[in-house]
Amino acid sequence: MGIILRDIVVLKDYYSDQLEHLDLTKRGINLIMSDVPEIFEKKSSCDQAVILKMTEMTPEKLATMIKLGKEANRYKVPLLLEPIAVGESIEQFHSFQELIKYLSFDVIIADFTTILALSGRKSMGDGLEIIRENEQLLAEIANVYQSVIVVEAETVFISAGASLIESDAAQAKGFNLALMTAKYLADGEQEVSAIQHALSFIE
């Protein structure tokens, strides 16, 4: 399979062991750490993607994320959000609200408890049956934020508004699935098609 992503752009303080599962070198993908939105003006943006991870949020970091995200939206670069601890502090939840206010995310990826916190709901547990029973709730959250929702659990769940897709892919591949889904969405594919395309990519 040919390279569909050349660059993954993240902030300079970004760290995630999830990227290890992408085999970046093997796939010919560069990891670019940059706080400068102008990065998208220097080269074609059609094979780039941006990951914004909400760790240790500060007003300065929030402003930087919004600037970088706006440029990604402007150039139609796939934009993926990893919300962290949104239900654990008012500051984190406020930062999430500001990001959603100014940016359009193709995909939001988190565990079930965090996804619920995005809509102000308390955790109901994160067992597979609980997730399956809340298909409608996940659809509502996906529709509110106009994003595909990827839920990391023992397996991976993907909510595309009207449908909930459960993948038997290992949890470690959930991040890869989210990233590829964002890419295909930015390429103009419909949600279910983008998810199926991404699923075939990680198999």
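Buried here means under 20% relative accessible area, exposed means over 50%, and partly exposed lies in between, with a 1.4 Å probe and protein chains only. Keep that scale handy for the tour. The model is predicted, so to speak of local features pLDDT must be at least 70, side-chain atom pairs count only at pLDDT 80 or more, and totals for chains, interfaces and linings use all residues. Residues are numbered from 1 along each chain as its sequence is written, and side-chain values use heavy atoms, with hydrogens and water left out.

**The whole protein**

Start with everything shown. The protein has 8 helices and 8 strands; these are DSSP runs numbered from the N terminus, with helices (H or I) of at least four residues and strands (E) of at least two. Of its 203 residues, 53% count as buried. The accessible surface comes to about 9,700 Å², and 49% of that belongs to carbon and sulfur atoms; the areas come from the Shrake-Rupley method with a 1.4 Å probe, and for residues only the protein chains shown count as cover.

**Stop 1: helix H7**

Select residues 174-186, which make up helix H7. How many of the 13 residues of H7 are buried? The count is 12, including Phe 175, Met 180, Lys 183 and Tyr 184. Now check the length between the end C-alpha atoms: they are 18 Å apart, which agrees with the 18 Å expected at 1.5 Å a residue. The expected span is 1.5 Å times one less than the number of residues. After H7, click on Gly 188, where phi is positive, near 105 degrees.

**Stop 2: strand S6 and its partners**

Next, select residues 148-152. All 5 of the 5 residues of this strand, S6, are buried, so the rest of the structure largely encloses it. Val 148, Val 150 and Glu 152 point one way, while Ile 149 and Val 151 point the other way. In a regular strand the side chains alternate between the two faces of the sheet.

Add residues 107-111, strand S5, which pairs with S6 in the parallel sense over 5 bridges; two strands pair if DSSP finds at least two bridges between them. Val 107 has Val 148 of S6 as its bridge partner. Then add residues 156-159, strand S7, which pairs with S6 in the antiparallel sense over 4 bridges. Look for Val 150 opposite Ile 158 in S7, and for the 3 residues between S6 and S7 in their hairpin.

**Stop 3: the nonpolar cores**

A nonpolar core is a set of buried Ala, Val, Leu, Ile, Met, Phe, Trp, Tyr and Cys residues joined through side-chain atoms within 4.5 Å. Which residues touch the most other members of the largest one? Among its 39 residues, they are Leu 52, Leu 99 and Ile 115. Centre on Ile 115: beyond its neighbours within four places in sequence, Ile 115 is in contact (heavy atoms within 4.5 Å) with Ile 108, Ala 110, Leu 138, Ile 141, Ile 149 and Val 151. A second, separate core has 26 residues, including Phe 175, Ala 178, Tyr 184 and Phe 201.

**Stop 4: two loops with positive phi**

Finish with two residues that are not glycine. Glu 56, in the loop between strand S3 (48-53) and helix H2 (59-74), has a positive phi near 45 degrees. At 73% relative accessibility, Glu 56 counts as exposed. Ala 85 lies in the loop between strand S4 (79-82) and helix H3 (90-102), with a positive phi of about 55 degrees. At 23% relative accessibility, Ala 85 counts as partly exposed.
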